[in-house]
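Here's a chain I'd like to talk through label by label. For each term, let's ask what earns it.

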Amino acid sequence: MNNTATHSTTNNTPCPTVRKQIGKTTYIVRVHFSQTAKETMEDKIKRLLREEVRKM
């Protein structure tokens with residue numbers, strides 16, 4: 001079961017939250033993004049994939 005909701009962080013900025021239940025354990029993951037990041041999410045994913053391929 002995946003449920004997505006929006007909660008606030010300590011500075012009242014909306015923070016997307018995903019709730020996942022595996023067996024009897026429920027995991028709650030809050031997602032946040034740095035305002036000072038120098039790399040886009042697309043660039044980060046490409047970099048991670050390149051590193052994985054390089055290791056193979």
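What follows is a set of questions and answers on this predicted model.

Q: How do you know which parts of the chain the predictor is most and least sure of?
A: Look at pLDDT, the predictor's confidence on a scale from 0 to 100. Among the elements, helix α1 has the highest mean at 95, and strand β1 (residues 2-8) has the lowest at 53. Over the chain the average is 83, with 75% of the residues scoring at least 70. Where pLDDT is low, the predicted coordinates shouldn't be read in detail.

Q: What pattern does the chain follow along the sequence?
A: Reading along, you get β-β-β-α. That fits the count of 1 helix and 3 strands.

Q: What makes the Arg47 and Glu39 pair a salt bridge?
A: The cut-off is a side-chain nitrogen of Lys or Arg within 4 Å of a carboxyl oxygen of Asp or Glu. The closest N and O atoms of Arg47 and Glu39 are 2.9 Å apart, so the pair qualifies. In general, side chains of opposite charge can pair when their charged atoms come close.

Q: Why are Arg47 and Glu39 called partly exposed?
A: Buried means under 20% relative accessible area and exposed means over 50%, with partly exposed in between. Arg47 comes out at 33% and Glu39 at 29%, so both sit in that middle range.

Q: How many salt bridges does the structure hold?
A: There are 3. One of them joins Lys46 and Glu42, at 3.1 Å from N to O. Another joins Glu51 and Arg54, at 2.9 Å from N to O.

Q: What separates Lys46 from Glu42 along the helix?
A: About one helical turn, because they are 4 residues apart in helix α1 (residues 41-55). Glu51 and Arg54 are likewise separated by about one helical turn, being 3 residues apart in helix α1.

Q: Why is Arg54 called exposed, and what about Glu51?
A: Exposed takes over 50%. Arg54 has a relative accessible area of 59%, so Arg54 makes the cut. Glu51, at 33%, counts as partly exposed. Lys46, with 41%, is partly exposed too.

Q: What makes Val18, Ile22, Tyr27 and Val29 a nonpolar patch?
A: A patch takes residues with over 30% relative accessible area and no salt bridge, and nonpolar side chains are joined within 5 Å. Val18, Ile22, Tyr27 and Val29 form such a patch on the surface, with about 350 Å² of accessible area together. The elements giving two or more residues to the patch are β2 (14-22) and β3 (25-30).

Q: Where is Val18, and why is it called partly exposed?
A: Val18 lies in strand β2. Its relative accessibility is given as 30%, between the 20% and 50% limits, so partly exposed is the label.

Q: How do you know that Thr26 is partly exposed, and what is Thr26 in contact with?
A: Thr26 is found in strand β3. At 39% relative accessibility, Thr26 falls between 20% and 50%, so partly exposed it is. Leaving aside neighbours within four places in sequence, Thr26 is in contact with Arg19, Lys20 and Gln21. Contact here means heavy atoms within 4.5 Å.

Q: How much of the chain counts as buried?
A: Of the 56 residues, 4% do, and buried requires under 20% relative accessible area. The chain exposes about 5,500 Å², with carbon and sulfur atoms supplying 55% of it.

Conventions. Residues are numbered from 1 along each chain as its sequence is written. This is a predicted model: local features need pLDDT of at least 70, side-chain atom pairs count only at pLDDT 80 or more; totals for chains, interfaces and linings use all residues. Side-chain values use heavy atoms; hydrogens and water are left out. Patches are made of residues with over 30% relative accessible area and no salt bridge: like charges are joined within 9 Å, nonpolar side chains (Val, Leu, Ile, Met, Phe, Trp, Tyr) within 5 Å. Accessible areas come from the Shrake-Rupley method with a 1.4 Å probe; for residues, only the protein chains shown count as cover. Buried means under 20% relative accessible area, exposed over 50%, partly exposed in between (1.4 Å probe, protein chains only).
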